[in-house]
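Here is a short briefing on one protein model. Read it with the sequence and the structure side by side.

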Amino acid sequence: MMLSPVRPPLNGFSATRRVALTRSGGYIDDAVRALGVQGDGLSNDGSTGIWPAATNLVTNGGFETNTIGYGLYTAAGTAGSLARVNTDAKFGGASLRVITTGDGVGQGFAKTSITGSTSSPYSVSMWVKAPVGALLTLSLAEYLAAAFVRVTGNSEYTGTGNWDRVTFSGTTGAGMDKLIASFFTRTSAQALTFYVDGFQIETGLVPTPYIETDGGTASRSAGRIQMPYDPGLFTAHQGWVASRVRMGMAYNTDPGGGTGTPRLIEWALDANNYIEVFFYEGDDKFYLRRKATTNDVTNPTANTP
């Protein structure tokens with residue numbers, strides 16, 4: 001987002017000056033991505049991500065200390081092995097190494113015992129480094145009292161030899177209390193060695209950038225870019241704000257689960273006088289709203305994603 005407030009004309013000319021902005025919460029840009037401490041699946045594309053608040057329900061998503069809660073997944077054949085290693089990592093200094101034996105289809109690892117709620121949206125995401133051409137599946141399943149209930153859904157992945165982000169989002173059904181995420185070979189038996197880092201399970205249908213955890217859950221507040229208060233710089237009558245929106249989000253994967261109003265721009269003098277641009281998930285439209293005491297005008301734009 002770029003903010004360039006325009007001051008009133010001076011001697012027939014308009015003057016423009018830039019101001020420092022305050023960035024907080026779920027904010028990520030190319031500089032942050034380059035540090036290797038957060039990941040949203042993008043790399044040096046000049047974009048800025050303003051992400052909603054989120055909590056990583058996985059207590060050791062970075063494998064910095066141990067592999068508690070992770071185990072082998074074997075649908076056929078003999079079990080392979082998994083271990084925490086510090087020879088390769090996407091975040092921090094460690095990752096999970098998984099070795100499959102290749103004598104059966106459906107071999108990999110699973111993350112168990114994540115408390116979940118019925119009829120609720122969840123997203124699972126992780127970073128994977130697998131051999132070129134490796135065929136793998138990320139699955140999110142539901143359990144009730146340690147008994148299998150159903151598979152929420154799957155996301156297929158083909159290895160590239162590099163660190164890639166793999167995600168899946170789905171909504172749970174009735175009668176469940178635990179979530180289990182698994183990642184395993186598909187299509188054919190494959191003897192593989194692959195690495196996993198930045199493992200995350202969160203509520204909502206939009207996978208957010210990885211939140212580092214090492215021994216407990218961790219949260220990130222909603223992202224925001226804020227300009228300093230200056231009544232002579234930006235008011236209801238002067239100034240402008242430009243923002244770029246990344247389109248392509250499915251209609252049923254809105255951050256608020258279909259009922260939210262994420263804001264792109266908001267300026268407020270007080271609770272009764274403000275201007276805002278927001279996306280209303282109820283009808284998938286962007287709105288420009290201007291309220292001045294008793295005059296409240298909202299104009300919809302064209303349909304989006």
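**Aromatic rings and their neighbours**

F63, Y70, F109, Y157, F183, F194 and F199 are joined into a cluster by ring pairs. The model is a predicted one. Across the whole structure, a search turns up 13 aromatic pairs. The points below take the rings, then the strands, then the salt bridges.

**The pair F91 and W127**

- The ring centres of F91 and W127 are 6.0 Å apart. Their planes stand at 85 degrees, so the pair is edge-to-face, the class for angles over 60.
- This pair links distant parts of the chain, with the two positions 36 residues apart in the numbering. F91 sits in the loop between β7 (81–85) and β8 (95–99). W127 belongs to strand β10 (residues 121–129).
- F91 is buried, at 2% relative accessibility.
- W127 is buried as well, with a relative accessible area of 7%.
- W127 also has a charged neighbour: the charged end of K90 sits over its ring, 4.4 Å from the centre.

**Other ring contacts**

- Y280 and Y287 make an edge-to-face aromatic pair. Their centres are 6.4 Å apart, and the planes meet at 70 degrees.
- Are these two tyrosines buried or exposed? Y280 is partly exposed, at 34% relative accessibility. Y287 counts as buried because its value of 13% is under the 20% limit.
- Y70, a member of the ring cluster, has K111 over its face. The distance from K111 to the ring centre is 5.3 Å.

**The five-stranded sheet**

- An open sheet is built from five strands in the order β7-β8-β15-β10-β13. Their pairing is antiparallel.
- Which strands are at the edges? They are β7 and β13 (163–171), and each pairs on one side only.
- Neighbouring strands in this sheet are turned against each other by 30 degrees on average, direction ignored.
- Inside the sheet, β8 and strand β15 (residues 193–203) run antiparallel and are joined by four bridges.
- R97 has Y195 as its bridge partner in β15.
- The sheet also holds a residue of the edge-to-face pair above: W127 is in β10, a strand of this sheet.

**The hairpin of β20 and β21**

- Strand β20 (residues 273–280) and strand β21 (residues 285–292) run antiparallel. Eight bridges join them.
- Across the two strands, V277 stands opposite L288 in β21.
- Four residues lie between the strands of this hairpin. D284 has a positive phi there, near 55 degrees.

**Salt bridges**

- How many salt bridges does the structure hold? There are six.
- Side chains of opposite charge can pair when their charged atoms come close.
- R186 and E156 meet through their side chains in a salt bridge, at 3.7 Å from N to O.
- That pair links distant parts of the chain, 30 residues apart. R186 is in the loop between β14 (178–185) and β15, while E156 is in strand β12 (residues 147–158).
- The two partners have unlike surroundings. R186 is buried, with a relative accessible area of 14%, whereas E156 is exposed, at 58%.

**The network around R263**

- R263 forms a salt bridge with E266, where the closest N and O atoms are 3.6 Å apart.
- E266 is exposed, with a relative accessible area of 53%. R263 is partly exposed, at 42%.
- R263 forms a salt bridge with E276 too, and here the closest N and O atoms are 2.8 Å apart.
- E276 lies in strand β20 and R263 in strand β19 (residues 263–270), so this contact ties together parts that are 13 residues apart in sequence.
- E276 is buried, with a relative accessible area of 2%.
- Which residues make up the network? Salt bridges with shared partners join R263, E266, E276 and R289.

How values were computed:
Residues are numbered from 1 along each chain as its sequence is written. This is a predicted model: local features need pLDDT of at least 70, side-chain atom pairs count only at pLDDT 80 or more; totals for chains, interfaces and linings use all residues. Side-chain values use heavy atoms; hydrogens and water are left out. Rings of Phe, Tyr and Trp (its six-membered ring) pair if their centres lie within 6.5 Å; planes under 30 degrees apart count as stacked, over 60 as edge-to-face and the rest as tilted. Buried means under 20% relative accessible area, exposed over 50%, partly exposed in between (1.4 Å probe, protein chains only). A charge sits over a ring if NZ of Lys or CZ of Arg is within 6 Å of the ring centre and within 35 degrees of the ring normal. Two strands pair if DSSP finds at least two bridges between them. Axes are lines fitted to C-alpha atoms, for helices over the stretch in contact, and angles run from 0 to 180 degrees between N-to-C directions. A salt bridge is a side-chain nitrogen of Lys or Arg within 4 Å of a carboxyl oxygen of Asp or Glu.
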